[in-house]
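Got your viewer open? Here is a walk through the model, one selection at a time.

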Amino acid sequence: MPGSELFDQREIDAVADVLRRRVVHRYSYQGVREGIYRVEEFERAVAEKYGARYALAVSNGSAALYVALKAMGIGPGDEVVTTPFTFIASVEAILECGAVPVLGEIDESLNLDPCSAADCITHRTKAVMPVHMFGGAADMDAFKTLCDEEGVHLFEDSCQAMGATFRGRACGTLGKWGTFSLDPNKIVTVGEGGLILTDDEDLYRRMETYHDHGHLHDKGIDRGAERKACLGFNFRMSEIQGALGLVGLDKLDGAISRLRSTRDRVLEAVSDTGLVTRRLPDPKGDIATQIVFLLPDGTKARAFQAAAREAGFGCGILSDNTWHYARHWETLREGSTYSRVRCPYDCPHADDVPAYRPSEWPVTHSILERAAMFGLDILMDDAKVDHLIRAIRAGAQAAL
């Protein structure tokens, strides 16, 4: 479901407009940019759409996580509880702050289990960070209650869930901060880009200065003439990306409507097969970028996959997903970061093995090894949808 499916003359015109003015930097060249700031416009539009006080656009979704964590002061000795089933950037961002990711178990929503997260909290825990996997929200009411009771922050990795909701509230606005990714595989894509939403003005100011080398952004002062607010780094978004984001944001609701319509058509057509989808706490808020079926066990999931592939429409078994499942992250074993990842389970011979133990998360593995996933395109014609339905039915016949 890459958002580039929707690219048309509007994106071409938006980019051409930026190039015509020859100003691609989001802050500089006040005298020649005709008062036009596309990234700023994009930020305002996103904040207004989702009811947040502030939005900060950055260079990518990974940067969004890192900048938000840094601005909160997350650092060495701190622990952040998150999920072993997420894109690896969720964990990398914590590690880049010098902090310790603590990976709990997932539940059948494919998101972090609130009960497991509660078991992971120690005196070193600074935050819990659920991830809304495949555009379906985690149980944010349960996480808010947990964080309030434990006196820790609630962060929200919504990088896969722009446009998703949880019980009527926008994902990305339910914690201290929330992030979106705008990479090539997201519904709204600017090539590479990210967003951070927050209602906290002080936090926003720290993020805004940090993401641009500590610059104070005053349009009345030439860039470089202002004083430096803090140490920082470069995670800026360009005007070309901002222009693309404005167009993509305008198309987002229509794209989600298409995806949901396709999902509903598929699920209705296979409703008699006995197949069970993942169990979301609020199915209505799912943006429907993927359909995930939970088979009775791993053997039946493999039979389902083989039959669907034979019918000409392949699916993935999520325990095989090397970039989203912690068991496969061998790179975490190869250096100093390895010992900074903690699994919350006791292990005999703990002194003889690294702190990060991919043999753990038995509940997570038991779910992922029986989870079969089909990705949906935004634009799927009737023939392709019918082909998908036939493949799912073939898989169900083989496995159930």
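Start by selecting G194, I196 and T198, then L195 and L197: the first three sit on one side of β9, the other two on the opposite side, and all are buried. Buried here means under 20% relative accessible area, against over 50% for exposed and partly exposed in between (1.4 Å probe, protein chains only). Strands and helices are DSSP runs numbered from the N terminus: E with at least two residues for strands, H or I with at least four residues for helices. In a regular strand the side chains alternate between the two faces of the sheet.

A word on what you are looking at: this is a predicted model, where local features need pLDDT of at least 70 and side-chain atom pairs count only at pLDDT 80 or more, while totals for chains, interfaces and linings use all residues. Residues are numbered from 1 along each chain as its sequence is written, and side-chain values use heavy atoms, with hydrogens and water left out.

**Around β9**

Now select residues 194-198, the whole of β9. Five of its five residues are buried, so the strand is largely enclosed by the rest of the structure. Add strand β1 (residues 54-58), which pairs with β9 in the antiparallel sense over five bridges. Two strands count as paired if DSSP finds at least two bridges between them. Which residue of β9 stands opposite A57? That is L195. Next, bring in strand β8 (residues 177-181), which is antiparallel to β9 as well, with four bridges. Click G178 and look across to L197, its bridge partner in β9.

**A three-strand sheet**

Move on to another set of strands. Here you'll find an open sheet of three, in the order β10-β12-β11, with antiparallel pairing. β10 (290-294) and β11 (316-317) are at the edges with a single partner strand each, so one side of each has no neighbour in the sheet. Five bridges link β10 to β12. To spot one pair, select I291 and its bridge partner in β12, F374.

**The pockets**

Turn on a surface for this stop. The largest pocket holds about 690 Å³ of space. Of the 32 residues lining the largest pocket, those closest to its centre are Q160, D183, N185, K186 and H324, so select these five if you want to land in the middle. Two or more lining residues come from each of α3 (61-71), α4 (89-96) and β12 (371-375), and α3 gives the most, with three. The lining of the largest pocket splits into 14 nonpolar, 13 polar and five charged residues.

The second largest pocket has a volume of about 350 Å³. Centre the view on R26, Y27, E40, E208 and H217, the closest to its centre among 21 lining residues. Elements giving two or more residues to this lining are α2 (38-50), β1 and α7 (201-210), with α2 giving the most, at four. This lining divides into eight nonpolar, two polar and 11 charged residues.

How are these spaces found? On a 1 Å grid over the protein atoms alone, a pocket is an open set of points with protein on both sides within 12 Å along at least five of seven lines, a cavity is a set where a 1.4 Å probe fits but cannot get out, and lining residues have an atom within 4 Å of a point. Grid points are joined across faces, edges and corners, and a volume is the space filled by probe spheres set on the points. For the linings, Ala, Val, Leu, Ile, Met, Phe, Trp, Tyr, Cys and Pro count as nonpolar, Asp, Glu, Lys and Arg as charged, and the others, Gly among them, as polar.

**K251 and the cavity**

Select K251, which lies in helix α8 (residues 239-269). Is K251 buried or exposed? It is buried, with a relative accessible area of 14%. Leaving out residues up to four places away in sequence, K251 touches L6, F7, D8, R10 and E11; contact means heavy atoms within 4.5 Å. The side chains of K251 and E11 are joined by a polar contact of 2.8 Å. That term covers a pair of N or O atoms within 3.5 Å; within protein, one must be able to donate a hydrogen and the other to accept it, and residues adjacent in sequence count only if both atoms are side-chain atoms.

The structure holds one cavity of 30 Å³ or more, and about 70 Å³ of space lies in the largest cavity. Its lining includes E11, K251, I187 and V188, and α8 supplies the largest share, five residues.

**Last stop: E79**

Finish at E79, in strand β2 (residues 79-82). E79 is buried, at 3% relative accessible area, and its side chain makes a polar contact with the side chain of T122 (3.2 Å).
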